[in-house]
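User: Please take a close look at a single helix and its packing partners, then follow the account outward to the chain interface and the salt bridges. A connected description would serve better than a list.

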Amino acid sequence: MSAVTALRLRRYRVPGWWWTAPAVLLVALLAGAAIGETAIAPDTILKVIANRLLGADYAVDRIEGGIIWSYRLSRAVVAACCGAGLALSGMVLQALLRNPLADPYLMGISAGASTGAVLVAVAGLGGGVISLSAGAMMGAIAAFALVVALARAAVSGAGGGAGLPAAGAIILAGIAGSSLFNALTAFIIARSASAEQARGIMFWLMGNLSGVRWGDAGLALPAALAAVAICLWNRRALDAFAFGADSAASMGINVRRVQGVLIAAVALVTAVMVSRVGAIGFVGLVVPHAMRFIVGSGHTRLVPATALAGAVFMIAADVVSRILVAGQVLPIGVITALIGAPAFALVLIRGGRV
Amino acid sequence: MSLRAENLGFQMARRALLEAVDLEVMPAETLGLVGPNGSGKSTLLRLLAGLWRPTYGRVWLDGRDMRGMPRREIARTIAMVAQQADTGERISVRQAVALGRTPFLGPLQDWSAQDDAIVADALARVGMTALAERSWHSLSGGERQRAHIARALAQQPRILLLDEPTNHLDIRHQLRILQLVRELPITVVIALHDLNQALSCDRLAVIDGGRLIALDTPEKVLSVEQLRDTFGVHARLLRDPQGGEPVLHFRQLR
């Protein structure tokens, strides 16, 4: 490392309250593991974690230990990762495309994921070798690639999209791509799904954390951490888009590269999350807006705040989805909207700083 | 320090917006760009700022081809105030001006006291220190334009490009902006609509139909013949009976 870089590194100071974010997240994770149809005491959870991670040897009820480790904790961790990843994806797209309605599914990712899932689950693609998640992941990436190709072709072609700003082209191409893949999904379900399969697919599409295990966290956790790192790295570029892409360019931002890297990154993160837990709505749209009201538009603070709020919100929504109706788990997408809409209304009416 | 356009041309959707412009901006001068609507003033400014890639020709900055330069490096020398740059973000004036420090800050660098001082100085130069904590959306059109200029000044540019900064402003704010720009000790290229305001530039470039058709001192460029041919108006150059400043009077051509 050269002397200059060392100097610059030293100049980056982390605020003194940084530890509150992981602390809040930890408390949320513990609460997510403690609350459920059988309530489990927090000290039991700590004992189980100590046993598993630190090789400690506390006496814990085996069934309780199993519920906590294999079921609730893995679920809370994946929920946190999805919440953080989706919220950050929405934040990035809202900033880059300068559209308050942008959400992670804008570029056809949820529609493509559902087509992929349906192809595997209903049409029997892959002959049982490909899992539902893998199918959804491939569908999501295919849809995103198609939307980006369409947006590029529209801008450079001589048709109706010629001369369109890049942000507008992406949004319109996303609408076209989403419609196409949603129609494909509906077509496949109508052609070959039984009523039972159709119901299962619908539940999956609204978001479902029931089947989540530690293997899912192995993919969701790196994706969420990568999202946080990429967003923090590009925080000044994201700020510079406040007055539009041209203004960002005149302030030294390589607009095409930043847009390309960030959009591809959030699309991949969203695809990972959707393929694990389905298309959970509302988090990616509303959490970034709520955080803008609370901590302001500067991404140095907005990125950690959005990631944390998304994670905590999703853990809370998952807990509620498990305990709201006794003996039944509701789709988490229903809960995110049921809690999120009034919460957001409250922030809209009462929230406020500059 | 020099900025030079060499045989510069730009096409969009197969329409030529700018054709074969050769132009050298002199150090510390105020160069005005005048021309009818759609003549290519904004296009030329965007090419000079490196925001668009020329279809042909080159822009030279300090003897280097701008195409080979990183955006960040260009932005440390050239700042631009475009038309109608607005935001939906809820930011304060100070935050908006602070964006001007972007080309000097890396991902691992923190905001420093020096950056604070530069932002404060930029705000003071446009007379907006008292409004620094106001929200952007509460500003009037003239205040927003001044804040934009402060944001550009926070880039500490040696060249400032302004695209019709007095548009939509009342006369008092127009004069204030022009006064502010005139007093800057840096090179300024400014697109202007009001030809009387253009008279106070050091030199004027007349653009029409994407071509540079005249480049000289205001008195020579804004001649009766030139104004008739380019703008389609009849003009007379008068002198203010009190101070002797030149004033253009326009009539429709018959």
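Analyst: Packing is judged here by contact, that is, heavy atoms within 4.5 Å. The model is predicted, so local features need pLDDT of at least 70 and side-chain atom pairs count only at pLDDT 80 or more, whereas totals for chains, interfaces and linings use all residues. Residues are numbered from 1 along each chain as its sequence is written, chains are lettered from A and ligands numbered from 1 in the order in which they are written, and side-chain values use heavy atoms, with hydrogens and water left out.

The part chosen is helix H5 of chain B, residues 141-153; helices (H or I, at least four residues) and strands (E, at least two) are DSSP runs numbered from the N terminus. Its 13 residues, at 1.5 Å a residue (times one less than the number of residues), should span 18 Å, which agrees with the 18 Å between the end C-alpha atoms. Twelve of the 13 residues of helix H5 of chain B are buried, meaning under 20% relative accessible area, with exposed over 50% and partly exposed in between (1.4 Å probe, protein chains only). Among the buried residues of this helix are the charged side chains B:Glu143, B:Arg144, B:Arg146 and B:Arg151. Within chain B, the buried residues of helix H5 pack against strand S6 (78-81), helix H3 (93-98), helix H4 (113-125), strand S7 (159-163) and helix H6 (171-183). Their packing also takes in H11 of chain A.

That partner in chain A leads to the interface. Here 28 residues of chain A are in contact with 36 residues of chain B. The two chains bury about 3,000 Å² between them (accessible area lost on being put together, 1.4 Å probe, summed over both), and 56% of it lies on carbon and sulfur atoms. Two salt bridges are counted between the chains, each a side-chain nitrogen of Lys or Arg within 4 Å of a carboxyl oxygen of Asp or Glu. One joins A:Arg292 to B:Glu89 at 3.6 Å, N to O. On the side of chain A that touches chain B, two or more residues come from each of helix H1 (3-11), helix H10 (235-240), helix H11 (245-250) and helix H13 (283-295).

Over all chains the structure holds 20 salt bridges. Within chain A, the side chains of A:Arg75 and A:Asp318 meet at 2.9 Å, N to O. A:Arg75 belongs to helix H4 (residues 62-97) and A:Asp318 to helix H14 (residues 299-323) of chain A, so this pair ties together parts 243 residues apart in sequence. Both residues are buried, and A:Arg322 is linked with them in a network of salt bridges.

Helix H4 of chain B, one of the packing partners of helix H5, carries a salt bridge between B:Arg125 and B:Asp121, with closest N and O atoms 3.7 Å apart. These two residues stand four apart, about one turn of the helix. B:Arg125 counts as partly exposed because its relative accessibility is 39%, and B:Asp121 counts as partly exposed, also at 39%. Elsewhere in chain B, B:Asp229 forms a salt bridge with B:Arg228, again with closest N and O atoms 3.7 Å apart. B:Asp229 is exposed at 57% relative accessibility, while B:Arg228 is partly exposed at 40%.
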